[in-house]
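Let's take a walk through this model together, one stop at a time. Please have the sequence and the 3D view open as you read.

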Amino acid sequence: MKTKILFCLIALCLSATLTVSAKKKKKKKTKNCVTLVTAFSQRIVPGIPGPPPPTGVHFVIVWQGDKYPETFFWRGDGGWLSCNVAKAKKIVNRKYIRAEYREYEASVIAIDKIKKGDTLQLDPVTGGKFPIPKEIPETAQNTLFYKTGGSGWLSCHVDSIRKVPDIIRP
């Protein structure tokens, strides 16, 4: 009798353990293809007279989608802005960099060459005449919007944008 109870108790504990571990291993499927690494704003102060260089907000993301992105837009205080996309690389050895404050080095990449796991820098640019799609809610602010092949509009809300020191050109 005691051995039957002991075996039942062991079987019950074993089944509970397997059920909990199976639930932990089950991966939650998300539609979000981007992971926001950082968002910052930085001005470039020119050293010589002339038109002011663009100032703006920059986003560093990690692309998690299986398909490459078609387009990126930023909806912030400046309205609906298209984004330039560049591949970003974290600067780890500042010994060879000038005294300006930069965390990432951006290099040109064709949008169809982006693959899962790539770190990208998105720079909203003014001057485009892109109408806001009907699918975008009017209340959406401080949000990155993007499309992948065959998808509707996907989004990533940006909670805060940190201010970094200005770059002063000679």
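Before setting out, keep in mind that this is a predicted model. A good place to begin is strand β8, at the point where Arg75 has Thr143 as its bridge partner in β8. That bridge belongs to a set of 6 that join β4 (residues 69-76) to β8, and the two strands run antiparallel. β8 also pairs with β9 (residues 154-157), again in the antiparallel sense, over 4 bridges. Here Leu144 finds its bridge partner in β9, namely Cys156.

Follow the chain from β8 to β9 and you trace a hairpin with 5 residues between the strands. In its turn sits Gly150, whose phi is positive, about 80 degrees. Now step back to the loop between β7 (119-125) and β8 (143-148), where you will find Asn142. Its phi is positive too, near 50 degrees, and Asn142 is not a glycine. That deserves a second look because most residues other than glycine have a negative phi. Asn142 counts as partly exposed because its relative accessibility is 27%, between the 20% and 50% cut-offs. β8 itself is mostly covered, with 5 of its 6 residues buried.

What lies on the inside? In soluble globular proteins, nonpolar side chains tend to be buried together. In this model the largest nonpolar core has 20 residues, and the members that touch the most others are Trp63, Phe72, Leu122 and Leu144. Several strands contribute to this core: β1 (34-42), β3 (56-63), β4, β5 (79-90), β7, β8 and β9 each supply at least two residues. Apart from it lies another core, of 6 residues, including Phe73, Trp80, Ala140 and Phe145.

Leu122 makes a handy viewpoint within the larger assembly. Setting aside neighbours within four places in sequence, Leu122 is in contact with Val57, His58, Phe59 and Ile61, with Phe72, with Cys83, Asn84 and Val85, and with Leu144. Leu144 is the residue you met earlier as the bridge partner of Cys156.

The last stop is the charged side chains. Side chains of opposite charge can pair when their charged atoms come close. The model has 4 salt bridges. One of them brings together Asp118 and Lys87, at 3.6 Å from N to O. This pair links distant parts of the chain, since Asp118 is in the loop between β6 (104-108) and β7 while Lys87 is in strand β5, 31 residues apart. Asp118 is buried because its relative accessible area is 7%, whereas Lys87, at 29%, counts as partly exposed.

Which residues are linked in a network of salt bridges? They are Lys90, Glu103 and Arg162. Glu103 meets Lys90 at 3.9 Å, N to O. Glu103 lies in the loop between β5 and β6 and Lys90 in strand β5, so this pair ties together parts that are 13 residues apart in sequence. Arg162 meets Glu103 at 2.6 Å, N to O. Here the link is between strand β10 (residues 162-163), which holds Arg162, and the loop of Glu103, with the two residues 59 apart. As for exposure, Glu103 counts as buried at 18% relative accessibility, because buried means under 20%. Lys90 is partly exposed at 46%, and so is Arg162 at 31%.

Conventions:
Residues are numbered from 1 along each chain as its sequence is written. This is a predicted model: local features need pLDDT of at least 70, side-chain atom pairs count only at pLDDT 80 or more; totals for chains, interfaces and linings use all residues. Side-chain values use heavy atoms; hydrogens and water are left out. Buried means under 20% relative accessible area, exposed over 50%, partly exposed in between (1.4 Å probe, protein chains only). Two strands pair if DSSP finds at least two bridges between them. A nonpolar core is a set of buried Ala, Val, Leu, Ile, Met, Phe, Trp, Tyr and Cys residues joined through side-chain atoms within 4.5 Å. Contact means heavy atoms within 4.5 Å. A salt bridge is a side-chain nitrogen of Lys or Arg within 4 Å of a carboxyl oxygen of Asp or Glu.
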